[in-house]
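Visitor: I am new here and would like a friendly tour. Could you show me what we will be talking about?

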Amino acid sequence: MSATAKPIANTRSATGIPTARLITWWVIASEIVIFGGLLASYVMHRIGHPEWAESASHTLTWAGAFNTFVLLTSSLCAVLAHKAADAHDGPRAAKLLRLTSLGGLIFLCVKAYEWTIDIREGFVLSSGGFWSFYYTLAGLHGLHVLAGMIIMLIVAADAAKNQELQRVECIGLYWHFVDIVWIFLFPLLYIAR
Amino acid sequence: MSTDVQHAEPGIFRKYFFSTDHKMIAMQYLFTGMAMALIGGFFAYVFRMQLGFPNQYVPGYGIVTPGKYNALVTMHGSIMIFWVAMPVLIAAFGNFLIPLMVGCDDMAFPRINRFSYQIFLLSAVVLLSSFLVTGGPFGGAWTAYPPLSASAAFNLTPIGATLWLLAVVLEFVAFLLGGINFTVTTMNSRAPGMKMYDIPLVVWMIVLASIIFMASVGPLVAGAVMLLFDQTMSTGFYDPTRGGDPLLWQHLFWFFGHPEVYVVLLPAMGIVADVIAVFARKKIFGYKTVLYTTWAVGFLSFVVWAHHQFVAGIDPRMANIFSVTTLLISVPITEMVFLYIATLYGGSIHLDTPLLWALAFIAEFMIGGVTGIFLGSSGTDIYLHDTYFVIAHFHYTFVPIAIIAVYAGLTFWYPKMFGRMLNETLGKIHFWGTVIPFNVIFIPLFITGTAGDQRRVYSYAQFAEQSRPALQHLRTTSTIALLVMLSFQFVFLFNFVWSLRKGKSAGANPWRSNTLEWTVPSPPPHGNFAELPTVYRGPYEYGLPGRADDFFPQNVPD
Amino acid sequence: MLERYVTAASTYAHWIDYQFLLIAVLVGFWLILAEAVMFWLIFKFRAKDGRPTQYITGEEPHQTRWITIPHLVVILCDIVIIVPAILVWYNIKQVLPPADETVRVIAQQWAWSFQQAGPDGVMDTADDIRTVGELHVKVNTTYHFELMSRDVVHSFAVPAFRLKQDALPGRTITGWFRPNRVGTYDIQCTQMCGIGHALMAGRIIVETPQAHAAWLLRNSSPGVAGQQTPPAAAMDAAMAMAEVRQ
Amino acid sequence: MTTEAHVQHPNYVKVWAILVTLLAVSVVGSMSHVRVVLLVAAFGVAVVKAYLVAKNFMHVTVEKRWVPYLLIMCLLFIAILFAGVAPDVMKHSGVNWSNPSANRPAESGAAVKRE
């Protein structure tokens, strides 16, 4: 949507928060309850089933840790992109956003590698409660990473032309949220015994 | 920025199918919802015929077998709640009214808005397509309790169950996008001068409903993913033989399912508030109090869900807590209804069709409300749970919400939507022809319920106590009343279509109303306002002393 | 009040009936009052020429009084309702009186099967009596039932006893009832459990001690009743298959 | 339309360095076999990391007051959900009910697949 075609509704800001950022907050709020519901279900099962710890010990902690590192770093790039956008430096913001989505790509590759190993060892989606939650949680999170990457590349394309710079911050917010989700998934799926 | 690029009249195809104009999207939601309502109504006709005249050939359908009966009641429930009440009450009225009432030219995110409708349409198609697959549509009740819903070996609808689940999830996504859009538009895009308490109640209520939906649906989306994997990938989330727990789904479902009741109730309440204010020529009694009670209801609706599960095998101690919170929620709702009744005091009440509908809403909804007390108090629920008493109770809330309030809204805003007035006589005929049979349908069901008729049963032949002739007479009565009610709906359809062409033209403000949507021509042009309005006062300034005419539009300077 | 529509055949049936009556009286009063006030207002303030609308914000205390006072009374009514409601619940679902007899209730698609101790009065012995679709109990005897399900969620409901409890696969749920009137009463399944849901009927037969003893003797030799597949279930299964094929 | 900078940007690299250090801490802590140490290293650190990201990267603290309240509200609802569900799902027995099938370790791997 090129800037001229925007309805006036989109340009108003009665709350003092720009419309784009406002909708981002609402999206994040609705994501919190989606992930929250799944995590709550997992946690109460996990506490109720101590024997799941045995399955959990098969997960590749180092891979999870490396992925955490990747996401933290990409979050850094995202927030630096936001800083650049505030300085009206579109091209730099675009560069940093592309770097961020590169981080997302690495994350997904590591995940793929990791899952290959798990499946080779015979742990699939239907191999008992822990593995069902493990693949479901990580899979849902992975989908969010993928979606974030795609949107980020689109935003970057605009930003490179110094257009829609306000979107840089918004996609950044979303990315940080995905990061935070992983910050909790990592101990829940890999470390807790 | 120049808006003329945006507001040039687009071509026919873009206009009717890929329009981003909120009014067009509202119409798409409205007509999709009405079409689904016809389908859901037809299902009701079929299974009521089976209950009224057991094992007879049903004209237009045929013989109702047990499996078909289950599918019919399941689809009736799902369609009426997810594909009729929500699209019409929230999406249709929300899309049409919010930009007009807050005084801006469109939704804040028109393309997200269009996208949400397209997903919704897809969900409807997916649902209906389940009638074509082997095994037929899902028949495990709209609550879809696993393991029945999780395993084809139990529900015998291998594909239907999955399609139902997919359709529901898509529908949720559509309304998440739509609801977030409503919220952002109302928060950010209000006309200059429109303060928090200058927003018409109907907008308030639609937005609060969207927020409640957004906050409650998440866990069920997660739960639906788990159920989908149980169905298709043989996981064991809800399978007790493999460390899962069937109760988890029930909790996730009702954690959304109860707030959902208020998600559809609030917009209805808002519509009724606006209609009453206009036709009683009266300021809403305690506008802010209405809002406080709404917030209270919104919060409390998150802590009552397990009253749907009192006898479902939850820990009995929990039932005590949820029983208390359930009766607690009756407090703000009662207050809201009292305020509406008090609004009538000192008005000058014009009994036009919209007001008739609005008053009928309150009168009938009160019955639905008080019968809820029987079910909310855990002691009596032991007996009444899953009987026809429950059915009668929630139809006394849902019919006023999804039928009566919707008619109030349609008859009230029809002139604005289509630029012509509905025929008043036909409107009154339709009103009485709907409301009287409605009571004749469900009062007998209260009695059969107290007599122990259980739900979702295609025939009582197996049950000596339920197959007493006296009870069968009641069932037949309610079926006949349903036929009458359904047949009167065609009066409305005729009125609707006929008035599109022949109705007398409405003009900008036929009801002499205050809110902003009446300041623009009917139907509003693309882009709504010639020049965007400024707001000087609240929406309900009727009968202000010392003014020539008894109303005072929001955009008129003092 | 409920007894006009369905017989009361267990000790706690009346507790629920009284609770029902209490609620009916209280909310009935409020419903009629509110509807009356509403219709009176509609009549009193119908549009008349030359009578202007009054401008009432409903925010001054002397106005809100008209809402708050009735509203406080409503809250009072809520309390009057909730306390006995919880008491009834507590005594039916939460605490179990000591059992004279125990019976095991097993739900499956689409039949009820029951297991109770034979003449030796001990569960899980050779002379246990297993029945399908029919439960024989002694009048004026406190029974505990252990409810379980073989496949999906069912619900064990005896309207005459005002008894209802869902049966969840994997769980064992214990409850009680004390029949106090001889007769034959329906057992319903009140939770959607598949296409045979409407055929999942059972009978509970409340007998005098003598009749019950006689029945025990008739059936006590191991494996008489109920070993054969339940007719209802078989029929339903056949029907189910037919449905799938068509 | 561009955003007028509503925040002054802290030194993000420093924040990132702290986060990575915390990550290392939690990994090292996970080697421990003392349950308490393990849990603190896992979840205590996670909470701190989440707070740092929310504060410094998402600027929640300098956003309009109601935004953090909104997010906290959503978390509160999840807490309510957990509190309402756990007595049935997390526990395997209670007043007049027990859940033997859940106590029996779920057979993993070749799980019974119904046809």
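Guide: Welcome! Let us begin with a definition: two residues are in contact if their C-beta atoms, placed from the backbone, lie within 7 Å. Please keep in mind that this is a predicted model.

Visitor: In chain B, what share of the contacts with a separation of 6 or more comes from residues 24 or more positions apart?
Guide: Here we take the contacts in chain B with a separation of 6 or more and look for residues 24 or more positions apart. The share that these residues account for is 81%.

Visitor: How many helices and how many strands are there in chain B?
Guide: The elements of chain B are helices, as the strand count is zero. The number of helices in chain B is 16.

Visitor: Why can chain B be called as compact as a globular protein of its length?
Guide: For 558 residues, the globule rule gives 24 Å. Chain B comes close to that value, so it is as compact as a globular protein of that length. Along the principal axes, its C-alpha atoms fill a box of roughly 70 × 50 × 50 Å. The radius of gyration behind the comparison is 23 Å.

Visitor: What percentage of the residues in chain B is buried?
Guide: A residue counts as buried if 20 or more other C-beta atoms lie within 10 Å of its own. Of the 558 residues in chain B, the buried ones make up 69%.

Visitor: And chain A, what percentage of its residues is buried?
Guide: Chain A has seven helices and zero strands, and its C-alpha atoms fill a box of roughly 60 × 30 × 20 Å along the principal axes. Among its contacts between residues at least 6 apart in sequence, 80% join residues at least 24 apart. Of the 193 residues in chain A, the buried share is 58%.

Visitor: Which chains have the most contacts between them, among the five pairs that touch?
Guide: Not every pair qualifies: chain A and chain C do not touch, and their nearest C-alpha atoms are 15 Å apart. Among the five pairs that do touch, the most contacts are between chains B and C.

Visitor: Which element gives the most to the side of chain C that touches chain B?
Guide: This contact takes 79 residues from chain C and 84 residues from chain B. Elements that each supply at least two residues of the chain C side include helix H1 (13-44), helix H2 (61-94) and strand S6 (154-158) of chain C. That side divides into 47 nonpolar, 18 polar and 14 charged residues. With 18 residues, the element that gives the most is H2(C).

Visitor: How are H11(B) and H2(C) arranged, roughly parallel or roughly antiparallel?
Guide: Their axes come within 10 Å and cross at roughly 160°. The contact of H11(B) with H2(C) has 18 nonpolar, six polar and four charged residues, and the crossing is right-handed. Angles over 145 degrees count as roughly antiparallel, so H11(B) and H2(C) are roughly antiparallel.

Visitor: What is the handedness of the crossing of H10(B) and H11(B)?
Guide: The axes of helix H10 (residues 287-300) and helix H11 (residues 316-344) of chain B come within 9 Å and cross at roughly 160°. That makes H10(B) roughly antiparallel to H11(B). Residues making the contact include B:Val290 and B:Val297 of H10(B) and B:Leu328 and B:Ile329 of H11(B). The crossing of H10(B) and H11(B) is left-handed.

Visitor: Which element gives the most to the side of chain B that touches chain A?
Guide: Here 44 residues of chain B are in contact with 35 residues of chain A. Among the elements of chain B that give two or more residues are helix H5 (110-129), helix H7 (158-188) and helix H8 (201-232). By class, the chain B side has 25 nonpolar, 14 polar and five charged residues. With 10 residues, the element that gives the most is H8(B).

Visitor: How many charged residues are there in the contact of H4(A) with H1(D)?
Guide: Helix H4 (residues 61-86) of chain A and helix H1 (residues 12-31) of chain D pack at an angle of about 170°, with their axes 10 Å apart, and are therefore roughly antiparallel. A:Phe69 and A:Leu72 of H4(A) are among the residues in this contact, as are D:Trp16 and D:Leu19 of H1(D). By class, there are 12 nonpolar and four polar residues, and the number of charged residues is zero.

How values were computed. Residues are numbered from 1 along each chain as its sequence is written. Chains are lettered from A and ligands numbered from 1 in the order in which they are written. This is a predicted model: local features need pLDDT of at least 70, side-chain atom pairs count only at pLDDT 80 or more; totals for chains, interfaces and linings use all residues. Helices (H or I, at least four residues) and strands (E, at least two) are DSSP runs, numbered from the N terminus. Ala, Val, Leu, Ile, Met, Phe, Trp, Tyr, Cys and Pro count as nonpolar, Asp, Glu, Lys and Arg as charged, and the others, Gly among them, as polar. The radius of gyration is taken over C-alpha atoms; the globule rule is 2.2 Å times the number of residues to the power 0.38. A residue is buried if 20 or more other C-beta atoms lie within 10 Å of its own, exposed if 12 or fewer, and partly exposed in between; C-beta atoms are placed from the backbone. Axes are lines fitted to C-alpha atoms, for helices over the stretch in contact, and angles run from 0 to 180 degrees between N-to-C directions. Angles under 35 degrees count as roughly parallel, over 145 as roughly antiparallel, 65 to 115 as roughly perpendicular and the rest as oblique. A crossing is left-handed if the near helix is turned anticlockwise from the far one by less than a right angle, and right-handed if clockwise.
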